[in-house]
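Work through the following exercises with the sequence and the coordinates side by side, and try each task before reading its solution.

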Amino acid sequence: MKATVWDGDEKDSKYSDIDIPAEYVDKAKQYRSELLELVAGEDEELMEKYLETGDLDEADLRTAIRKGTLSFSFVPILCGSAFKNKGVQQMLDAVVDYMPSPLDIPAASGVKPDTEDVITRDADEKAPFSALAFKIVSDPFGRLTYFRVYSGAISKGDEVYNSTKEKRERIGRLLLMHANQREDIDTALAGDIVAGLGFKEVTTGDTLCDRSNPIILEKMEFPEPVIHVAIEPKTKADQDKLGKALKSLSDEDPTFRVRTDEETAQTVISGMGELHLEILVDRMQREFGVDATVGKPQVAYRETVTKKVESVEYRHIKQSGGSGQFAVVKITVEPSGVGNGYIFEDEITGGRIPREYIQPTNQGIQSALDNGVLAGYPTVDVKVSLVDGQYHDVDSSEMAFKVAGQMAFRKAAGMAGPIILEPIMAVEVVTPDDYMGDVMGDLSSRRGRIEGMEANGNAQNIRAQVPLSEMFGYSTDLRSRTQGRATYTMQFHSYQQVPEVIAQEIIKRVRGE
């Protein structure tokens with residue numbers, strides 16, 4: 001029942017607690033009464049005390065708020081302004097008072113490498129060391145790896161084991177980070193969040209642990225990129241800097257990928273959306289001093305099959321002087337189910353194809369997956385069974401079976417009802433009521449499917465699924481339609497089939513017709 005007042009408007013101004021001004025006293029009493037009723041329900045003893053006295057002291061109140069927060073009965077909300085650094089101290093005090101300590105929550109669990117047995121690590125300094133790397137930052141001093149220590153202790157100079165990649169690493173320096181300042185420390189204990197210098201191959205989501213007590217903590221699942229853009233340096237001087245900048249940015253952000261297109265020799269960057277890539281290109285310029293030209297965004301389409309075709313045979317037989325090539329394979333191709341990826345089953349019996357030729361056949365099929373039969377996009381969610389084949393004692397080779405596997409899959413995929421899939425985005429638009437019709441009409445014109453709406457004050461939240469290919473330039477369009485008053489968020493939802501008319505357009509465009 002105090003008012004917190006800041007002395008000035010400038011950042012970091014001093015504050016003090018004073019008596020509540022007269023005009024706010026009644027409202028404060030009303031809300032305090034509601035607060036007491038709410039938190040007293042968390043504990044029978046407190047409820048009795050509250051019913052007897054009509055009030056609770058500060059210690060009881062803090063205990064009850066903590067209990068309710070830990071059980072998710074309610075969520076404390078605080079006021080403040082990060083920009084002026086006001087209310088930040090009170091928020092940090094509330095974190096200490098109400099949020100769970102590592103002792104209030106279950107022990108961290110993970111799996112034992114190779115066995116997949118679930119094991120736990122208590123938040124104890126004497127337990128075996130385990131930590132999770134959750135952020136990589138390129139720093140003028142080197143590559144900083146932020147990690148949280150779940151159990152045990154680590155000191156600078158120690159060797160640790162990266163159980164995710166099965167590599168040993170040595171930590172050079174340990175740093176305690178305070179925003180843009182850092183403090184060297186000798187040891188980090190269970191519960192600490194620190195940054196390490198000296199790691200060579202650690203990436204976001206890797207587990208660091210004690211070599212003699214390995215564990216892999218909960219893995220982070222990163223979505224596949226849905227948008228591609230070609231990028232090239234403006235000058236020769238930018239060429240080397242571009243490579244280093246892209247390497248640093250892809251180390252920091254696992255959803256950002258870089259590759260070289262084999263056909264065009266272009267450098268292609270991929271990410272989760274237009275804005276994602278715009279920010280990364282801007283960072284390249286500001287932080288790494290690289291000037292680059294960026295091409296038009298390209299959507300990451302995929303291909304798949306829709307029906308089962310059985311026993312499709314391909315004969316790879318060449319006799320042209322010297323040693324020939326002989327490989328015959330027979331495969332069955334069918335959909336593996338959404339999200340199940342590529343599945344290969346070996347159903348060869350009686351030595352129809354020797355064991356040493358099974359894997360090359362599988363490799364040949366996998367190489368065919370990279371270029372789909374319709375428009376050359378990667379093929380996903382397909383199951384291939386190798387059911388029969390023939391070989392020749394002299395002329396058969398691994399390469400012959402690799403080619404046979406590749407060509408057999410292309411032949412079978414063409415017969416298995418191939419379709420093109422496109423990334424569909426979950427879009428949420430918050431718009432004033434006046435523009436709701438306009439916004440919904442625009443989403444529908446972009447092949448969007450409206451999933452729901454809910455009122456939020458005098459604004460409407462519109463949820464829709466929209467193909468990514470129709471969302472380019474949407475932020476500008478939305479601003480102009482709503483006088484800059486609407487906002488939207490967008491994230492990847494799923495891959496779905498492209499309508500036939502649009503699929504034909506895509507195929508024509510790819511083939512240059």
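**Exercise 1.** Determine in which sense strand S3 and S15 pair, and over how many bridges.

*Solution.* In this predicted model, strand S3, which spans residues 108–111, pairs with S15 in the antiparallel sense, and the pairing runs over two bridges. To place the register, take Gly 110, whose bridge partner in S15 is Leu 217. Widening the view, one finds three strands that form an open sheet in the order S4-S3-S15, with antiparallel pairing. The edges of this sheet are strand S4 (118–121) and strand S15 (216–217), each of which pairs on one side only.

**Exercise 2.** Describe how strand S8 and strand S9 pair, and state which residue of their hairpin takes a positive phi.

*Solution.* Strand S8 (residues 159–162) and strand S9 (residues 167–170) are joined by four bridges in the antiparallel sense. Asn 162 stands opposite Lys 167 in S9. The hairpin has four residues between the strands, and in it Glu 166 takes a positive phi near 55 degrees.

**Exercise 3.** Characterise the packing of helix H1 against helix H2 by axis distance, crossing angle and contact residues.

*Solution.* Begin with the axes: those of helix H1 (residues 22–40) and helix H2 (residues 44–53) come within 8 Å and cross at roughly 145 degrees. Next, list the contact, for which heavy atoms must lie within 4.5 Å: H1 contributes Ser 33, Leu 36, Glu 37 and Ala 40, while H2 contributes Leu 46, Met 47 and Tyr 50. Finally, sorted by class, the contact of H1 with H2 comprises five nonpolar residues, one polar residue and one charged residue.

Technical notes. Residues numbered from 1 in each chain as written. Predicted model: local features only at pLDDT ≥ 70, side-chain atom pairs only at ≥ 80, totals over all residues. Heavy atoms only, no water. Axes fitted to C-alpha atoms, helices over the stretch in contact; angles between N-to-C directions. Nonpolar A, V, L, I, M, F, W, Y, C, P; charged D, E, K, R; others polar. Pairing = 2+ DSSP bridges.
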